[in-house]
Amino acid sequence: MGKISQEIAVLAGGCFWCTEAVFQRVEGVEEVISGYTGGNIKNPAYREITTGRTGHAEAIKLIFDPAIITFKELLEIFFTTHDPTTLNQQGADKGTQYRSAIFYTNEIQQTTANTVIETLNNQNVFDSQIVTQVTELGPFYTAEEYHQNYYNQNSSQGYCQFVINPKLSKLQEKFKTKLKKEIQK
């Protein structure tokens, strides 16, 4: 039997603590790494990202098995668990670092992303048009260690309770069959 195929997807949907927590629970997602991409300086630190001046977005890199979950299915979860209609903002988090973006790694991902956005807009799924950027992936910088696995280590913290928990509830409600078996309860 050959090696399991893996693909990479890079998504930005506001604070990476939120998107990381969502996708860690999805079957077929083998690893989630919080980091920064889409900016104009090398090796940015969190304190620089928070100023909004580096151009980077807080993003997650997903390593996934497309035989278990497709890129399109990942995008369906992505669009359901954040607001893709607010420019440079998710809830109280404001700034370009919180923009909604898909950083594609190949033409198939680019086409899929644009098709999903067009379909959602045509179906008027949201009250406003989607403003999610679809951009080719450039350098991805892994965030500091304390940002990795954040929700799982800090779930009782206020931000996790009030911002992340509702996203996880929505994930459970709308995508129960796509969740890892231990989470489907």
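**Exercise 1. How many disulfides does the count come to?** Work it out for this predicted model, looking at the cysteines one by one.

*Solution.*
- Step 1: Grab the cut-off. Two cysteine sulfur atoms must be within 2.5 Å to make a disulfide.
- Step 2: Try Cys-15. Its nearest cysteine sulfur belongs to Cys-18 and is 4.7 Å away, and Cys-15 is in no disulfide.
- Step 3: Try Cys-160. The closest cysteine sulfur is again found in Cys-18, but it sits 8.0 Å off, so that's too far for a bond.
- Step 4: Write down the total: zero disulfides.

**Exercise 2. Are Cys-15 and Cys-160 buried or exposed?** Use their relative accessibility.

*Solution.*
- Step 1: Buried means under 20% relative accessible area.
- Step 2: Cys-15 has 7%, so it counts as buried.
- Step 3: Cys-160 has 0%, so it is buried too.

**Exercise 3. Which residues make the contact between helix 1 and helix 6?** Start with helix 1, then see how the pair is arranged.

*Solution.*
- Step 1: Find helix 1 at residues 16-24; nine of its nine residues are buried.
- Step 2: Now bring in helix 6, residues 158-174. The two axes come within 10 Å and cross at roughly 35°, and the crossing is right-handed.
- Step 3: List the partners. Helix 1 brings Trp-17, Cys-18, Ala-21 and Val-22, while helix 6 brings Tyr-159, Val-163, Ile-164, Lys-167, Leu-168 and Leu-171.
- Step 4: Sort them by type: nine are nonpolar, none are polar and one is charged.

**Exercise 4. What is Phe-23 in contact with, leaving aside its neighbours within four places in sequence?** Then place Phe-23 in the core.

*Solution.*
- Step 1: Phe-23 is one of the buried residues of helix 1.
- Step 2: Its contacts are Leu-11, Val-29, Val-32, Ile-60, Leu-62, Leu-74, Ile-77 and Phe-78.
- Step 3: Zoom out to the largest nonpolar core, which has 41 residues. Phe-23 is among those touching the most other members, along with Leu-62, Leu-74, Leu-75, Phe-79 and Ile-102.
- Step 4: Elements giving two or more residues to this core include strand 1, helix 1, strand 2 and helix 6.
- Step 5: Don't mix it up with a second, separate core of nine residues, which includes Ile-33 and Phe-140.

**Exercise 5. Where does Glu-27 lie?** Describe its surroundings as well.

*Solution.*
- Step 1: Glu-27 lies in the loop between helix 1 and strand 2.
- Step 2: With 28% relative accessibility, Glu-27 counts as partly exposed.
- Step 3: Not counting residues up to four places away in sequence, Glu-27 touches Ile-68, Ile-69, Lys-178, Leu-179, Lys-180 and Lys-181.

Technical notes: Residues numbered from 1 in each chain as written. Predicted model: local features only at pLDDT ≥ 70, side-chain atom pairs only at ≥ 80, totals over all residues. Heavy atoms only, no water. Buried < 20%, exposed > 50% of the residue type's maximum accessible area, 1.4 Å probe, protein only. Helix = DSSP H or I, 4+ residues; strand = E, 2+ residues; numbered from the N terminus. Axes fitted to C-alpha atoms, helices over the stretch in contact; angles between N-to-C directions. Left-handed = near helix turned anticlockwise from the far one by under 90°. Contact = heavy atoms within 4.5 Å. Nonpolar A, V, L, I, M, F, W, Y, C, P; charged D, E, K, R; others polar. Core = buried A, V, L, I, M, F, W, Y, C linked by side-chain atoms within 4.5 Å.
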